[in-house]
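Grab a coffee and open the viewer: here are some exercises to work through, each with a solution in steps. Try each task before reading on.

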Amino acid sequence: MNENKPGASQNLACVFCRKNDDCPNKYGEKKTNEKWNLTVHYYCLLMSSGIWQRGKEEEGVYGFLVEDIRKEVNRASKLKCCICKKTGASIGCVAPRCKRSYHFPCGLQRECIFQFTGNFASFCWNHRPVQIITSNNYRDSLPCTICLEYIEPIPTYSILRSPCCKNAWFHRDCLQVQAINAGVFFFRCTICNNSDIFQKEMLRMGIHIPEKDASWELEENAYQELLQHYEHCDVRRCRCKEGRDYNAPDSKWEIKRCQCCGSSGTHLACSSLRSWEQNWECLECRGILYNSEDFQKAKKHTLPNTNNVGITDCLLEESSPKLPRQSPGAQHKDLLRQGSKFRRDISTIIMELGFQIKKKAKRLWINKANIWNSALDGFRNQNFNPSYTIEVAYVNENDNFGREHPGSKQEFLSLLMQHLENSPIFEGSLSKNLSLNSQALKENLYYEAGKILAISLVHGGPSPGFFSKTLFNCLVYGPENTQPILDDVSDFDVAQMIIRVNTATTVADLNSIVNECYNYLELIGCLRLITSISDKYMLAKDILVYHVIKRVQAPFESFKQGLKTLGVLEKIQTYPEAFYSIFCHKPENLSAEILSDLFTVRTLSNVQSLGFWNSYLQAVEDGKSAVTMEDILIFATGCNSIPPAGFKPTPSIECLHMDFPVGNKCNNCLALPITNTYQEFQENMDFAIKNTLRLEKEESTHYIGH
């Protein structure tokens with residue numbers, strides 16, 4: 001498929017409507033296939049009544065095969081447009097017994113409605129859907145909530161009302177332009193931000209909502225200025241001889257930004273800050289904090305009079321007037337704060353990310369005995385695209401016949417996530433942080449780990465559930481804004497050193513510890529002169545920050561880049577509360593009720609066996625069985641927990657005349673045996689599930705990679 005070129009190809013007429021107009025907002029994108037001498041408008045092709053998309057997206061024209069297009073053009077050549085009276089009317093009204101046919105542009109002109117969803121139905125002007133309003137309480141004109149021009153609040157073809165906000169009215173043309181620019185991820189009601197109800201109604205009324213990201217998200221470096229840090233000293237008397245804009249990291253002339261707004265700064269020396277870790281607020285933010293109700297209730301002492309405070313006092317140093325516009329860094333933090341206010345369900349967010357997945361499939365050949373390396377080979381393949389649908393085929397290196405078996409994608413991702421949790425690139429027992437592994441860094445495995453984690457989430461795999469709060473906060477708010485805790489230290493010797501520093505009671509004891517660990521402290525840059533016992537807190541903090549954050553700076557940056565795959569990191573930073581629940585916590589324990597609701601009855605099944613099934617689930621929950629709830633789920637789906645986005649397809653059960661149950665992990669289907677007694681049912685279920693999982697574990701020896 002060739003892109004349109006300026007010149008002759010721009011003037012070629014669409015084979016359906018025979019117009020050479022190039023107006024994407026009205027007729028869709030216009031493309032020309034020079035090989036077949038074929039030019040089409042996307043909407044003309046999509047709405048034609050006698051053609052279906054039989055190819056893949058990259059085949060033919062938008063997935064419509066060339067031979068099908070030619071057949072449709074030939075069919076339309078025998079139909080006359082009821083509007084312009086010319087032949088080639090490929091679109092017909094779907095209303096029963098309506099014989100009207102028309103071209104797409106003619107239909108627009110005559111106010112027909114075309115639905116860009118489902119079967120892509122079209123309706124003529126007599127049968128088109130309308131918005132019904134029982135009573136009109138609007139006596140005066142109301143503004144279109146997009147262009148703000150006043151309109152009469154009466155639903156017509158060109159005037160539409162929001163289904164979720166009864167006082168929101170729009171021009172059809174304004175809505176269509178907004179939908180094309182916003183895409184399915186951001187097109188929503190301008191008043192209440194509802195997307196589900198709003199999009200459903202707009203699709204019914206003929207608004208095309210493309211499955212793409214918003215136009216402002218696709219612009220390269222569109223938000224680059226938000227990543228800039230504010231670097232200017234705003235205190236009343238700047239002492240730096242190099243000027244207010246001078247910033248020398250790791251010195252007293254390093255600029256510290258206001259911890260509240262980020263849009264004002266000071267040199268450390270200008271505000272008598274001993275280290276960069278000390279908190280500092282600008283005058284405006286301090287005024288807000290000190291005058292707030294919470295602060296007034298909490299404080300026990302009155303603030304000192306500002307007239308008696310010396311110019312070296314860092315807390316009440318008066319800053320110079322600010323610029324009226326916030327710095328890019330402050331705006332970025334404001335955006336993050338606003339985003340965190342919108343509490344959204346994690347499954348909805350992940351399903352939105354899943355809209356990026358294309359129908360084109362990429363097959364991965366996976367060896368369960370070496371799942372990490374075989375997965376890496378597949379993901380590193382130059383033909384692999386993370387937005388393609390993943391198909392899994394299991395192979396065995398010891399199989400001389402080279403046979404492959406279809407595998408469950410969710411089982412593969414679940415096994416991969418289990419390996420990742422226990423891999424050497426993470427350290428810790430339950431809540432894990434990144435480790436410093438030189439071999440993994442050399443092989444770029446931190447990047448691959450972040451990429452694999454992102455792919456697992458978007459493609460319906462399990463969530464990690466093993467991140468420490470510190471690692472998660474580093475991803476969301478940045479390492480510089482994260483304070484680790486002692487539990488983050490997995491090295492026993494380092495942890496003991498921090499504990500000894502924190503529990504030192506005299507300056508002599510503290511100096512003794514420093515002298516004992518002199519070489520190590522000097523190596524990590526934490527060696528400091530001890531003058532009072534209070535210095536122990538800063539020393540312990542320095543060691544903690546180095547070991548947990550600064551030591552793994554290179555692995556962290558690499559891991560973060562991998563996590564940007566498919567836009568996952570951006571979503572995490574926008575909705576941190578939603579992602580925290582699946583990154584730092586394991587899924588809830590399975591129960592009989594959860595599994596009973598999870599599995600649906602697939603076909604007409606044996607009523608007695610279904611009763612046995614419910615009794616069996618209760619027995620497993622009560623500990624009266626040799627298997628666990630997780631074993632049942634693994635047996636049927638390959639996963640030991642329910643993924644955040646749920647299972648695809650939905651797990652189901654059926655009853656078959658057999659002695660033992662069968663789990664089909666590709667279809668998430670569990671076939672139950674039909675037995676005469678419950679005792680026989682439970683024994684057969686326990687035997688099959690327990691031994692199947694044991695054999696799978698023995699066959700798939702866990703390969704310990706890098």
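A word on terms before the first exercise: two strands count as paired if DSSP finds at least two bridges between them. Keep in mind too that this is a predicted model.

**Exercise 1. Work out in what order the strands E13, E14 and E15 form their sheet, and what packs on it.**

Step 1: The sheet is open and has three strands, running E13-E14-E15 with mixed pairing.
Step 2: Look for strands that pair on one side only; these edge strands are E13 (358–366) and E15 (404–407).
Step 3: Check the twist: neighbouring strands are turned by 35° against each other on average, direction ignored.
Step 4: Now add helix H13 (residues 409–421), which packs on the sheet and touches E13, E14 and E15. The direction of H13 makes about 80° with that of E14.
Step 5: Zoom in on E14 (residues 388–395), which pairs with E15 in the antiparallel sense over four bridges. Valine 395 sits opposite glutamate 404 of E15.

**Exercise 2. Find the residue that UniProt lists for "active site", and decide whether cysteine 666 is buried, partly exposed or exposed.**

Step 1: The unreviewed UniProt entry gives Cys666 for "active site".
Step 2: Cysteine 666 lies in the loop between strand E20 (662–664) and strand E21 (669–673).
Step 3: Its relative accessible area is 34%, so cysteine 666 is partly exposed; the cut-offs are under 20% for buried and over 50% for exposed.
Step 4: Leaving out neighbours within four places in sequence, cysteine 666 is in contact with Pro406, Gly407, Ser408 and Pro649.

**Exercise 3. Is arginine 172 buried or exposed, and which residues is it in contact with?**

Step 1: Locate arginine 172 in helix H5 (residues 172–186).
Step 2: With a relative accessible area of 8%, arginine 172 is therefore buried.
Step 3: Beyond four places in sequence, the contacts of arginine 172 are Ile113, Tyr157, Ser158, Leu160, Met205, Gly206 and Ile207.
Step 4: Pick out tyrosine 157: it is 15 residues from arginine 172 along the chain, and their C-alpha atoms are separated by 7.5 Å.

**Exercise 4. How many residues does the largest nonpolar core have, and which helix gives the largest share?**

Step 1: The largest nonpolar core has 74 residues. Those with the most contacts inside this core are Phe379, Phe412, Phe467, Phe559, Phe579 and Phe583.
Step 2: Helix H15 (residues 445–458) gives the largest share, nine residues.
Step 3: Take phenylalanine 467 as a sample: not counting residues up to four places away, its partners include Leu453, Leu475, Phe559 and Phe583.
Step 4: Another core lies apart, with 32 residues, among them Leu38, Leu46, Phe104 and Cys112.

**Exercise 5. Describe the two faces of strand E1 and its pairing with E2.**

Step 1: Put Lys30 and Thr32 on one side of E1 (residues 30–33), and Lys31 and Asn33 on the other; all are buried, so both faces are covered.
Step 2: E1 pairs with E2 (residues 38–41) in the antiparallel sense over four bridges, and asparagine 33 stands opposite leucine 38.
Step 3: This hairpin has four residues between the strands, and asparagine 37 takes a positive phi near 55°.

**Exercise 6. Where does pLDDT stay under 50?**

Step 1: Start with the average for the protein, 82, with 85% of the residues scoring at least 70.
Step 2: Mark residues 1–8 and residues 293–343 as stretches under 50.
Step 3: Where pLDDT is low, the predicted coordinates should not be read in detail.

Technical notes
Residues are numbered from 1 along each chain as its sequence is written. This is a predicted model: local features need pLDDT of at least 70, side-chain atom pairs count only at pLDDT 80 or more; totals for chains, interfaces and linings use all residues. Side-chain values use heavy atoms; hydrogens and water are left out. Axes are lines fitted to C-alpha atoms, for helices over the stretch in contact, and angles run from 0 to 180 degrees between N-to-C directions. Contact means heavy atoms within 4.5 Å. UniProt positions are given in the numbering used here, feature names are shortened, and annotations may be inferred rather than shown by experiment. Buried means under 20% relative accessible area, exposed over 50%, partly exposed in between (1.4 Å probe, protein chains only). pLDDT is the predictor's confidence in each residue, from 0 to 100. A nonpolar core is a set of buried Ala, Val, Leu, Ile, Met, Phe, Trp, Tyr and Cys residues joined through side-chain atoms within 4.5 Å.
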